[in-house]
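Subject: Structure for you to look at

Dear colleague,

I am passing on a structure that I would like you to open beside this message. Please take your time with it before reading my notes.

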Amino acid sequence: MHPAWSIIFFTSASGLGLGLAAWVVLGLIDLGNVINFFIVSVFTFGLIGTGLLSSTLHLGHPERAWRALSQWRSSWLSREGVLAVLVLSLLAVWFGWNYLIGSVPFLLGLPLVFLIGVTVYATSMIYASLKTVACWHHPLTPACYLLFSVSGGLLASMWLLAVAGQSFISEIYHLTYCLLILAWVAKVLWWRNLDKQSPESTLESATGLGSFGKVRPLMPPHTSENYLQTEMGFVVARRHALKLRVMSILAGGFIPLLVFISFPSSSVLLGLALFLHFVGVFIERWLFFAEAKHVVSLYYGEAQ
Amino acid sequence: MTSLPEPSAIKLGLVIDLDLCVGCQACVVNCKEWNTSGYGAPLSDDNAYGANPNGAWLNRVHAFEAGDAEDAKTVHFPKSCLHCEDAPCVTACPTGASFKRAEDGIVLVNEDWCIGCGLCAWSCPYGAREMDPVEGVMKKCTLCVDRIYNDNLPKEDQIPACVRTCPTNARHFGDLGDPNSDVSKLVSARDGFDLLPEQKTKPVNKYLPPRPRRQKDETPMSLVAMAEAQTPKGFWKWMDATLERLG
């Protein structure tokens with residue numbers, strides 16, 4: 001599949017922002033101080049907001065984007081839009097309450113945390129619901145999106161705690177690296193599934209000509225690349241897939257993990273670790289699209 | 001609404017005969033011609049006369065080779081929207097622009113609502129939808145909904161443009177929901193099949209397989225043997241004999 005920058009940035013930035021928001025609403029960071037409040041809210045809304053804005057950039061008609069909120073009964077993309085708008089509004093209320101009245105009762109925040117989780121799940125289901133892209137159509141796809149969001153969000157929270165000079169309990173310290181490891185274990189399993197998957201559809205089933213023997217493409221239907229090929233037949237990444245996978249694990253998992261375990265309270269080093277984590281997830285997301293094969297590419301002679 | 005309607009009794013669609021298609025591309029061109037000048041935004045091309053032209057077409061004819069060596073078959077393979085009963089492109093649409101008509105099962109796009117997100121094209125296993133490079137909206141086969149119900153056209157033109165133009169009669173249009181229709185009878189007589197049945201889209205359009213090759217003769221015909229067996233007559237007999245005498 002064609003890896004559009006706008007969509008890659010959308011899924012990685014809003015995923016991280018939503019994860020951060022969940023930990024903030026759970027009360028991990030003390031927002032009593034105005035500067036803390038300012039930094040945390042800018043980061044949370046900045047990540048989610050720019051992610052969502054970026055997702056509208058690849059549309060043919062961004063001015064009609066509001067229409068995408070209407071078909072939540074059938075469409076995961078619509079559900080994601082509705083949930084994102086709802087979560088952003090409730091987060092605004094939550095932060096406003098915090099600023100004007102004081103800290104929001106923990107129990108009142110829990111439904112919001114749940115909605116944040118469902119929003120990330122809905123983002124992943126836009127892709128996981130597509131039967132035409134076999135490697136996406138798998139339960140590990142939402143698992144990876146959720147784990148990257150929750151672990152990245154926690155790493156971001158730990159960095160903000162370090163910036164604010166706040167302390168944390170040791171359970172949170174252990175949870176942070178455990179979640180990071182878990183996220184990348186899930187991703188490695190996802191890649192294993194991608195590599196081992198045997199194709200359900202073949203050129204024989206696509207043409208119905210299997211009874212005559214092996215089917216080969218003879219002539220393409222057009223002389224230059226069309227929309228289907230540029231959108232669904234992206235091949236550049238697959239040549240370097242292994243190198244890119246290793247790079248994403250090193251940048252997104254291994255190095256941030258080592259830095260966090262060694263210097264859990266250093267704001268500068270954690271900032272660097274968070275940046276590297278974002279780069280690693282960005283590469284991972286790029287591969288998520290670039291490595292994925294669409295069933296229509298069968299008609300253009302590509303093995304699944 | 002992008003939720004699918006209850007399956008309609010009338011299921012309008014195409015039956016494509018892979019035995020007859022010669023890959024002339026006439027259906028492709030007539031489809032483009034009709035749909036660029038009819039309803040909605042024109043079916044545009046980008047850089048049409050440049051080095052790398054790109055455009056939206058609703059019907060494409062591939063060619064495949066099936067089988068090996070002397071048994072290999074060349075099959076010309078037209079492909080357009082199959083107006084699936086369980087159309088994944090419809091349910092994926094976030095805006096309600098994509099819909100399946102409850103009355104006859106035709107899958108259409110309301111271009112004024114389409115945001116051009118492309119998710120419907122991602123959901124379609126057949127590559128039936130193409131983004132218009134100029135308008136930024138999704139284009140697809142309408143089954144010539146503006147011809148088949150158009151009383152301003154002569155009766156013989158009230159069929160899809162691709163069917164009307166096919167010089168070999170490889171394309172048929174009709175109600176596949178009615179078991180007694182001509183197209184349904186054709187499908188059952190010729191063992192018509194679905195493309196990618198495992199994708200569970202329940203396509204309405206059906207394809208008819210190429211007919212098996214006629215029995216091959218045991219010994220191939222030899223032109224040399226045929227020439228030697230011939231005994232010339234008349235003028236050729238005289239010339240043969242004269243040339244022989246000349247030594």
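Below I describe a sheet shared by two chains, the contact between those chains, and one residue in some detail.

This is a predicted model, in which local features need pLDDT of at least 70 and side-chain atom pairs count only at pLDDT 80 or more, while totals for chains, interfaces and linings use all residues. Residues are numbered from 1 along each chain as its sequence is written, and chains are lettered from A and ligands numbered from 1 in the order in which they are written.

The sheet is open and has three strands in the order β1(A)-β4(B)-β5(B), with antiparallel pairing. Helices (H or I, at least four residues) and strands (E, at least two) are DSSP runs numbered from the N terminus, and two strands pair if DSSP finds at least two bridges between them. β1 (215-219) of chain A and β5 (73-80) of chain B stand at the edges with a single partner strand each, so one side of each has no neighbour in the sheet. On average, neighbouring strands of this sheet are turned by 40 degrees against each other, direction ignored; axes are lines fitted to C-alpha atoms, for helices over the stretch in contact, and angles run from 0 to 180 degrees between N-to-C directions.

Strand β4 (residues 59-66) of chain B is joined to β5(B) by eight bridges, and to β1(A) by four. Helix α1 (residues 26-37) of chain B packs on the sheet, where it touches β4 and β5 of chain B, and its direction makes about 165 degrees with that of β4(B).

How many residues of chain B are in contact with chain A? There are 54, and they meet 44 residues of chain A, where contact means that the C-beta atoms, placed from the backbone, lie within 7 Å. The largest share of this side of chain B, seven residues, comes from β4(B).

Finally, please look at Arg216(A), which is found in strand β1 of chain A and has Glu65(B) in β4(B) as its bridge partner. Glu65(B) also stands opposite Thr74(B) in β5(B). Arg216(A) is partly exposed because 13 other C-beta atoms lie within 10 Å, given that 20 or more would make a residue buried and 12 or fewer exposed. Not counting residues up to four places away in sequence, Arg216(A) touches Phe64(B) and Glu65(B).

With best wishes
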